[in-house]
Amino acid sequence: ALSETLVRERSYEKAIEGFKKAVELAPKDLKGHFGLAATLNESGRYREALDAAQAALLVDQQNSEIHYQAGLALNNLKKYPEAIRILGKTLELAKDHIEAHYHLALSHEATVFQVFTAGADKDAWLLLGPITVHFNIL
């Protein structure tokens with residue numbers, strides 16, 4: 001509860017230390033893992049957030065919120081194909097997860113933008129999750 005209050009107050013370093021301690025004391029309790037991953041994401045420490053989410057997924061692979069935190073971190077790290085895969089899993093587990101829909105759309109948009117700005121090929125094929133889209137770049 002204290003770490004959650006610290007997050008609301010944007011005292012990220014103290015909150016992160018609290019969540020790390022919670023994970024250390026109760027490694028099978030997802031609340032500490034989720035709090036750590038979410039706080040790391042919110043504070044801009046995306047690589048660490050991804051590591052925390054991946055550690056949590058070792059405890060529970062069916063938790064949509066943990067998948068979302070991993071996907072959010074991957075999106076912010078500009079690892080769009082991986083973000084698309086993980087955010088897709090989030091939606092598989094929780095189809096109405098609004099933030100996952102939003103960040104999945106951002107990852108798709110960024111992937112398409114990368115193809116159009118690459119300029120290496122006038123005829124590009126792009127695999128977007130289960131959908132293959134053909135772009136003819138003029």
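In the predicted model, the side chains of Lys-21 and Glu-24 are joined by a salt bridge, with an N to O distance of 3.6 Å. The two residues lie three positions apart in helix 2, so about one helical turn separates them. Lys-21 is partly exposed, at 43% relative accessibility, whereas Glu-24 is exposed, with a relative accessible area of 57%. This pair belongs to a set of five salt bridges found in a search of the whole structure.

A further salt bridge is formed by Arg-47 and Asp-51, whose closest N and O atoms are 2.6 Å apart. Both residues lie in helix 4, and because they are four residues apart, about one helical turn lies between them. Each partner counts as partly exposed: the relative accessibility is 41% for Arg-47 and 37% for Asp-51. Elsewhere, Glu-13, Arg-45 and Glu-48 are joined into one network by salt bridges that share partners.

Within this network, the side chains of Glu-13 and Arg-45 meet at an N to O distance of 2.7 Å. Glu-13 is located in helix 2 (residues 12-25) and Arg-45 in the loop between helix 3 (30-42) and helix 4 (46-59), so the salt bridge ties together parts that are 32 residues apart in sequence. Glu-13 is partly exposed, with a relative accessible area of 47%. Arg-45 is likewise partly exposed, at 22%; the value falls in this class because the limit for a buried residue is under 20%.

Helix 3 was examined in terms of its length, its burial and its ends. At 1.5 Å a residue, its 13 residues should span 18 Å, and the end C-alpha atoms are indeed 18 Å apart, so the expected and modelled spans agree. Ten of the 13 residues are buried, and helix 3 is therefore largely enclosed by the rest of the structure. The buried positions include the glycines Gly-32 and Gly-35 and the leucines Leu-30, Leu-36 and Leu-40. Ala-37 and Ala-38 are also buried, as are His-33, Thr-39 and Asn-41.

The N-terminal end of helix 3 is capped by Asp-29, which places a side-chain oxygen 3.1 Å from the backbone nitrogen of Lys-31. Just after the helix, Gly-44 adopts a positive phi of about 85°. The loop between helix 3 and helix 4 also holds Arg-45, the partner of Glu-13 in the salt bridge described above.

At the level of the whole chain, seven helices and two strands are present. Their order from the N terminus is α-α-α-α-α-α-α-β-β, with the helices preceding the strands. The protein chain comprises 138 residues, of which 40% count as buried. Among contacts between residues at least 6 apart in sequence, 38% join residues at least 24 apart. The accessible surface of the protein chain amounts to about 8,300 Å², and carbon and sulfur atoms contribute 57% of this area.

Key:
Residues are numbered from 1 along each chain as its sequence is written. This is a predicted model: local features need pLDDT of at least 70, side-chain atom pairs count only at pLDDT 80 or more; totals for chains, interfaces and linings use all residues. Side-chain values use heavy atoms; hydrogens and water are left out. A salt bridge is a side-chain nitrogen of Lys or Arg within 4 Å of a carboxyl oxygen of Asp or Glu. Buried means under 20% relative accessible area, exposed over 50%, partly exposed in between (1.4 Å probe, protein chains only). The expected span of a helix is 1.5 Å times one less than its number of residues. A polar contact is a pair of N or O atoms within 3.5 Å; within protein, one must be able to donate a hydrogen and the other to accept it, and residues adjacent in sequence count only if both atoms are side-chain atoms. Contact means heavy atoms within 4.5 Å. Accessible areas come from the Shrake-Rupley method with a 1.4 Å probe; for residues, only the protein chains shown count as cover.
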